[in-house]
Amino acid sequence: MDSRRRSNASTPVESESPSSVDTPATESSVLFDNLDELLRRLPQENQYILVTGGLGFIGSHTTLELLKSGYNVIVIDNLSNSFEVVFDRIKILAQKFHDTHGSKMPSLRLHAHDYRDTSALKDLLQEYRLASRWGTPKSKIAGVIHFAAYKAVEESIRHPLKYYANNVSGLIDFASTLGDFGIKTFIFSSSATVYGTLATSGLPLKEELCVHREEVYIDSNGETQTLQPGCTGITNPYGRTKWICETILADLAASDPEWTIVVLRYFNPVGCDSSGLLGEDPRQAPTNLLPVVVKVMTGQYAELQMFGTDWDTTDGTAIRDFIHVTDLARGHIAALSTANEGKLAENFRTFNLGTGSGNSVLDVVTTMESVISKPIPRKAADRREGDVGSCVAVVDRSQQELQWKTQKSLKDACEDICNFLDVSGLSS
Ligand code: WQD
């Protein structure tokens, strides 16, 4: 793998091609009485999106898709679970896309510091502040996508306070500072773990199964149901941090209609960009299934332990909704444009991002074996603490309200992972 540089956290790393010089700050609104309307109408090339954790696995793929869609992107990433070389690769891929399409490469900037560094954050946000005639601050930053969080289920069980400090306390301070700068379009990276043990109840995992204020909805029998806020049987601190963050954001949206908050509940992101340049490559030892399978394929691990072969499923291994990370990234673009066009049903809205169909752990192994045409060593092992037997999304809401659905398959994901290994020289 290439050498990996670490940047000076106080000096943003720029990627500004001459044609993508920042749009001069709008000194005062001369065209529109309402600055909000001006900002809403700004074409994407004049909109900046702030992405925390933008060099991570999902963050990097989303940053790339934002750039391909014409948004300027500002990344905050403390490189605790990512590498700065990813920044260079995103820039190369985005530039190649725009050269191929004859379109302008947007700007991409990296601020290599912790999103919880409020002083550094305020300095950054000040750079994008727009002068406005009234007290309400305005910004060239049209939205924020917040990925930065710890996400290892097992680690969260061993170190809960670390997870609550980073994922929950960090969010509170972050959202407060954004609000002070008038930045109130917020896309939150959440997780299907908020459904807790409902995942194995056999109930289809609709967003209505986890709400943050009383809601009325019509069930599949045409019966009117009243839903009470809360959660059911979340099995680990990581999942609880996600649910608590959702609740905090729901309360924030209820307190201030200027906020537009979208919560995206990921199922199981897998695969990588078809270029092979943005594979899942965490600094820390992986716990998720596909990165562990990759460690076995490359000989770094002797075999895959399949946690639980006695689940109530067709082959005894657990079932998950494995969604290609590029589809997941494009779900964020759909959410952002729906939010910025003012088309959300309400100013706080949750969406499942999944395929809507399940595959078992053994399905994943045999699919990868079919791609590489050789066996992957594995053995049955005990269930892992915090796991559930099945977790598959209902994706009606994201299809109907975001006009988004997945395009790629589990096999596509396995093929793209193999391409990443070839490009990285890691194939055995
Ligand atoms: C999937 C299945 C394991 C590793 C978690 C988080 C979720 C999201 C994705 C952040 C399970 C089995 C795994 C291994 C195995 N995180 N497995 N051997 O636990 O469904 O979801 O990661 O966004 O919020 O909860 O994903 O990939 O860890 O596990 O058998 O070495 O694979 O037991 O059944 P999970 P996972």
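Trainee: Which residue follows α8, and what is the sign of its phi?
Mentor: This is a predicted model, so local features are read only where pLDDT is at least 70. Gly299 follows α8. Its phi is near 85 degrees, so the sign is positive.

Trainee: Is α8 mostly covered or mostly open, by its count of buried residues?
Mentor: Buried means under 20% relative accessible area. α8 has 9 residues, and 8 of them are buried. The helix is mostly covered.

Trainee: Which residues of α8 are buried?
Mentor: The set includes four valines: Val292, Val293, Val294 and Val296. Leu289 and Leu290 are buried too. The others are Pro291 and Met297.

Trainee: What covers the buried residues of α8?
Mentor: Both strands and helices take part. The strands include β12 (268-270), β13 and β15 (322-324). The helices include α10 (361-372) and α12 (410-424).

Trainee: How many residues surround the ligand, and which are the closest?
Mentor: The shell counts 19 residues. The closest are Ser191, Leu289, Gln305, Arg320 and Asp387. Leu289 is also one of the buried residues of α8.

Trainee: Which element gives the most to the shell around the ligand?
Mentor: α8 (289-297) and β13 (304-307) each supply at least two residues. One element gives the most, with 4 residues. That element is β13.

Trainee: How many residues of the shell around the ligand are nonpolar, polar and charged?
Mentor: Sort the shell by class. Charged residues number 4 and polar residues 6. The nonpolar count is 9.

Trainee: What is the distance from a polar side-chain atom of Ser191 to an oxygen atom of the ligand?
Mentor: Ser191 is among the closest residues to the ligand. Its polar side-chain atom faces a ligand oxygen across 2.4 Å.

Trainee: Which backbone atoms lie by an oxygen atom of the ligand, and how far away?
Mentor: Thr287 offers a polar backbone atom 3.5 Å from a ligand oxygen. Phe307 offers a backbone N or O atom, with a separation of 2.8 Å.

Trainee: What share of the accessible area of the ligand does the protein cover?
Mentor: Start from the ligand on its own, with 680 Å² of accessible area. The protein covers 93% of that.

Trainee: Which parts of the chain does the pair Asp256 and Lys184 tie together?
Mentor: The two side chains meet in a salt bridge, 2.6 Å from N to O. Asp256 lies in the loop between α7 (237-255) and β11 (260-266). Lys184 lies in the loop between α6 (160-180) and β8 (185-191), so the pair ties together parts that are 72 residues apart in sequence.

Trainee: Are Asp256 and Lys184 buried or exposed?
Mentor: Side chains of opposite charge can pair when their charged atoms come close. Here the salt bridge spans 2.6 Å. As for cover, both Asp256 and Lys184 are buried.

Trainee: Are Glu341 and Lys343 exposed or partly exposed?
Mentor: They form a salt bridge, with the closest N and O atoms 3.0 Å apart. Glu341 has a relative accessible area of 44%, so it is partly exposed. Lys343 stands at 59%, over the 50% cut-off, so it counts as exposed.

Trainee: How many salt bridges does the structure hold?
Mentor: One more example joins Arg116 and Asp114 at 3.2 Å, N to O. Arg116 is partly exposed, with a relative accessible area of 35%. In total, the salt bridges number 18.

Trainee: Why does His111 count as buried?
Mentor: His111 lies in strand β4 (residues 108-111). Beyond four places in sequence, the residues touching His111 include Pro12, Ile74, Leu124 and Glu127. His111 is buried because its relative accessibility is 5%.

Trainee: Why does Ala142 count as buried?
Mentor: Ala142 sits in strand β7 (residues 141-146). Its contacts beyond four places in sequence include Gln47, Tyr48, Thr185 and Asn340. The cut-off is under 20%, so Ala142 counts as buried at 19%.

Trainee: What percentage of the residues of the protein count as buried?
Mentor: The secondary structure comes to 12 helices and 19 strands. The protein has 428 residues. The buried share is 53%.

Terms used
Residues numbered from 1 in each chain as written. Predicted model: local features only at pLDDT ≥ 70, side-chain atom pairs only at ≥ 80, totals over all residues. Heavy atoms only, no water. Near = heavy atom within 4 Å. Polar contact = N/O pair within 3.5 Å; in protein donor to acceptor, adjacent residues only side chain to side chain. Areas by Shrake-Rupley, 256 points an atom, 1.4 Å probe, with all protein chains shown as cover. Nonpolar A, V, L, I, M, F, W, Y, C, P; charged D, E, K, R; others polar. Salt bridge = Lys/Arg side-chain N within 4 Å of Asp/Glu carboxyl O. Buried < 20%, exposed > 50% of the residue type's maximum accessible area, 1.4 Å probe, protein only. Contact = heavy atoms within 4.5 Å.
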